[in-house]
Amino acid sequence: MADIGDIKVGYDAMDDLWRNSMIRMFGEDVPFDFTGARYEGVYPVYGDEKRAYVAAQENKKEYVLQQIGFEQGQHVLDVGSGWGNMLKEIAERGGHGVGLTLSKSQQAYCQSQGWDARLMDWNDYQPERKFDAVVSIGAFEHFCRLDEYQEGGHEKQVQIYGKFFEFVHKASTPQAKLFLQSMIFGSRGPPDLVHGVDPRAPKGSPARILAQWRAYFPGSYMPNNEEQVVEAAEPFYKLVRSEDGRRDYAETARVWLEAVNAPGGLEKWLEWGKFALMGLGRPELVPRVQSVLEDAFSRGFALDIIGHRRWTFEKK
């Protein structure tokens, strides 16, 4: 699994740049949600981006709570809780959320808002009680490390993902549902790690985009496809709903890029500097910066190099 150092490089500095850019463009009320929104295939016309983006992020939270059958008073575990969007929603609806994150910045922000976020890997978490539901939005793709995949391939991934499904199965009540939102590789399938990932490849090419993704998320190797995830879940869970969010994430990433590339004066330059400096000493620095400048996120989804799924599981 990606460790705290990987998350610091991949998220903490970029979150500052991204979050402040979103505030400058859309205002203080914009959601601090660095995961794909749920547009349901209805995308905004020019000038309507803020309303549509905020509505799509709210729609995603509503969808998640519907999928887990949330009711007031329930206890929900959020694995990879980020800036606390689901913890906030759960608390406002009379529930009790516990979030797990590897980002010190995210944990500090959540705690400042009164939400229960723990700086902890799910592998190390020992729940004080059984949860009524479990959600994980945008964390699952970081559970397998690149070196682990290189060591054991598909079987190693299934083993790692299976351990997660076993963990949440044990941590929750018999009726508890599990909601997962995760990136996966697109219809092209997993890349050839020797010849298919190259930061020197032509701009906009699949090989260059994949190299930029790998640089931006060091230490992570995403699931190959939905079938692999279902196989890992099989001893504990059955898949009851699957939704394709690839085009939604392409639009989400397009909005983020517009905000990040908008003028911001000295403050924006300082945020860019922090983003770059946090990667100094790591071989991914140049392609990592290029991933933002060249819109690797939106392009990766738009070209179906990277896929995106929303899954709802029930216990067997």
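This report walks through a few strands, salt bridges and buried residues in a predicted model.

## A covered strand

Let's start with strand β1, which spans residues 75-79. How many of its five residues are buried? The count is five of five, so the strand is mostly covered, given that buried means under 20% relative accessible area. Both faces share in this: His 75, Leu 77 and Val 79 are buried on one side, while Val 76 and Asp 78 are buried on the other.

## Strands beside it

β1 has parallel partners. With strand β2 (residues 96-101), it is joined by five bridges. If you would like to find one of these pairings in the structure, look for His 75, whose bridge partner in β2 is His 96. On the way from β1 to β2 the chain passes through α3, and this β-α-β crossover is right-handed.

Strand β4 (residues 131-137) also runs parallel to β1, and three bridges hold the pairing. Here you can look for Val 76, which stands opposite Ala 133 in β4.

## A salt bridge along helix α3

The helix of that crossover, α3, covers residues 85-92 and contains both Lys 88 and Glu 92. These two residues are four apart, about one turn of the helix. Their side chains form a salt bridge, with 2.8 Å from N to O. Are the two partners buried or exposed? Glu 92 is exposed at 54% relative accessible area, whereas Lys 88 is partly exposed at 33%.

## A network of charges

The model has 29 salt bridges in total. Some of them link up: Arg 38, Glu 40, Arg 241, Glu 243, Asp 248 and Arg 310 belong to a network of salt bridges.

Two pairs from this network are worth a look. Arg 38 meets Glu 40 at 3.5 Å, N to O. In this pair Arg 38 is buried, with 7% relative accessibility, but Glu 40 is exposed, with 53%. In the other pair, the closest N and O atoms of Arg 241 and Glu 243 are 3.3 Å apart. Arg 241 is partly exposed at 37%, and Glu 243 is buried at 14%.

## A buried serine

Our last stop is Ser 291 in helix α10, which runs over residues 285-293. Its relative accessible area is 1%, so Ser 291 counts as buried. Which residues does Ser 291 contact, leaving aside neighbours within four places in sequence? They are Gln 212, Tyr 216, Ala 296 and Phe 297.

Notes. Residues are numbered from 1 along each chain as its sequence is written. This is a predicted model: local features need pLDDT of at least 70, side-chain atom pairs count only at pLDDT 80 or more; totals for chains, interfaces and linings use all residues. Side-chain values use heavy atoms; hydrogens and water are left out. A salt bridge is a side-chain nitrogen of Lys or Arg within 4 Å of a carboxyl oxygen of Asp or Glu. Buried means under 20% relative accessible area, exposed over 50%, partly exposed in between (1.4 Å probe, protein chains only). Contact means heavy atoms within 4.5 Å. Two strands pair if DSSP finds at least two bridges between them. A crossover is right-handed if, with the strands pointing away from the viewer, the path from the first strand over the helix to the second runs clockwise.
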